[in-house]
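Let's take a relaxed walk through this one. Have a look at the chain below, then read on.

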Amino acid sequence: MQRNVNYSPRVCRLIVALSIVSATPSFAASSSTQAIDTYPYEVQWSQCQYKIEKEQQPQCFTKLVEDLHQLHNQYPDNADIQALWGINIASLAGVSGLSKALKLIRQSKEVIEQALEMDPDALNGAPYVTLGAMYYRAPGWPLSFGDDEQAKLLLEKSVERNPNNSSTLYFYADYLASQGEKKKAVEILQRALSLPINTKYKIGDIGRREDIKELLASLQ
């Protein structure tokens, strides 16, 4: 169900983090004859999200979005690059002011949806996490497109595709908590904490683990 505008602190917390599906070291371009290694950009996202000072995050994510936009222009038929570009636009929204964030999440939604039209398996399903997170964290009509039911469908699809991914579980648990299903959310977060750290994505995995611990503490 689409939500009406609610000027709560949650509306202003448009933090949509990139979900890195770490089962594959390099995401092959499913809609292009040439495979492009997106791993360096995923590592750079982790640096922007977890390693630099907060006041430097907008500049860091802006540079990353620009780099991915240029890469997209080089490979316009590559669904993986398009999806990663859209995901990082959402991350930039998370460190922007409300007015700019609302514009960015609309752009992110459009870019990601186009990527999924090109290839529903783009980035091994990671875009479904970002779309789902935007749907439940964004304000509703007429300010934006927030829709809890659509969020539920997307996040459940992401968990079905990647049941052992910490970012997938984190956002699904956060959604459940926002819907009052705290007990189930706690169980999912505890399962997420039991997952091993992926050394290839160590910075991102450790950072996400801290996000999980913070959310879990707020629910207990």
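When two helix directions are compared, angles under 35 degrees count as roughly parallel, over 145 as roughly antiparallel, 65 to 115 as roughly perpendicular and the rest as oblique. Here, the axes of helix 6 (residues 126-137) and helix 8 come within 10 Å and cross at roughly 20°, so helix 6 and helix 8 are roughly parallel to each other. Residues touching across this pair (contact means heavy atoms within 4.5 Å) include Val129 and Ala133 of helix 6 and Phe171 and Tyr175 of helix 8.

A word on the source: this is a predicted model, where local features need pLDDT of at least 70, side-chain atom pairs count only at pLDDT 80 or more, and totals for chains, interfaces and linings use all residues. Residues are numbered from 1 along each chain as its sequence is written, and side-chain values use heavy atoms, with hydrogens and water left out.

Next, the sulfur link. The structure holds one disulfide (a pair of cysteine sulfur atoms within 2.5 Å). It joins Cys48, in helix 2 (residues 39-50), to Cys60, in helix 3 (residues 57-74). With -75° about the S-S bond, this link of Cys48 and Cys60 is left-handed. Both cysteines, Cys48 and Cys60, are buried, meaning under 20% relative accessible area with a 1.4 Å probe, protein chains only.

Asn165 sits in the loop between helix 7 (148-161) and helix 8 (166-178), and Asn165 is buried too, at a relative accessible area of 6%.

Some distances to look up:

| Pair | Atoms | Distance |
|---|---|---|
| Cys48 and Cys60 | sulfur atoms | 1.9 Å |
| Asn165 and Thr168 | side-chain polar atom of Asn165, backbone nitrogen of Thr168 | 2.9 Å |
| Asn165 and Pro196 | C-alpha atoms | 10.0 Å |

Key:
Helices (H or I, at least four residues) and strands (E, at least two) are DSSP runs, numbered from the N terminus. Buried means under 20% relative accessible area, exposed over 50%, partly exposed in between (1.4 Å probe, protein chains only). A polar contact is a pair of N or O atoms within 3.5 Å; within protein, one must be able to donate a hydrogen and the other to accept it, and residues adjacent in sequence count only if both atoms are side-chain atoms. Axes are lines fitted to C-alpha atoms, for helices over the stretch in contact, and angles run from 0 to 180 degrees between N-to-C directions.
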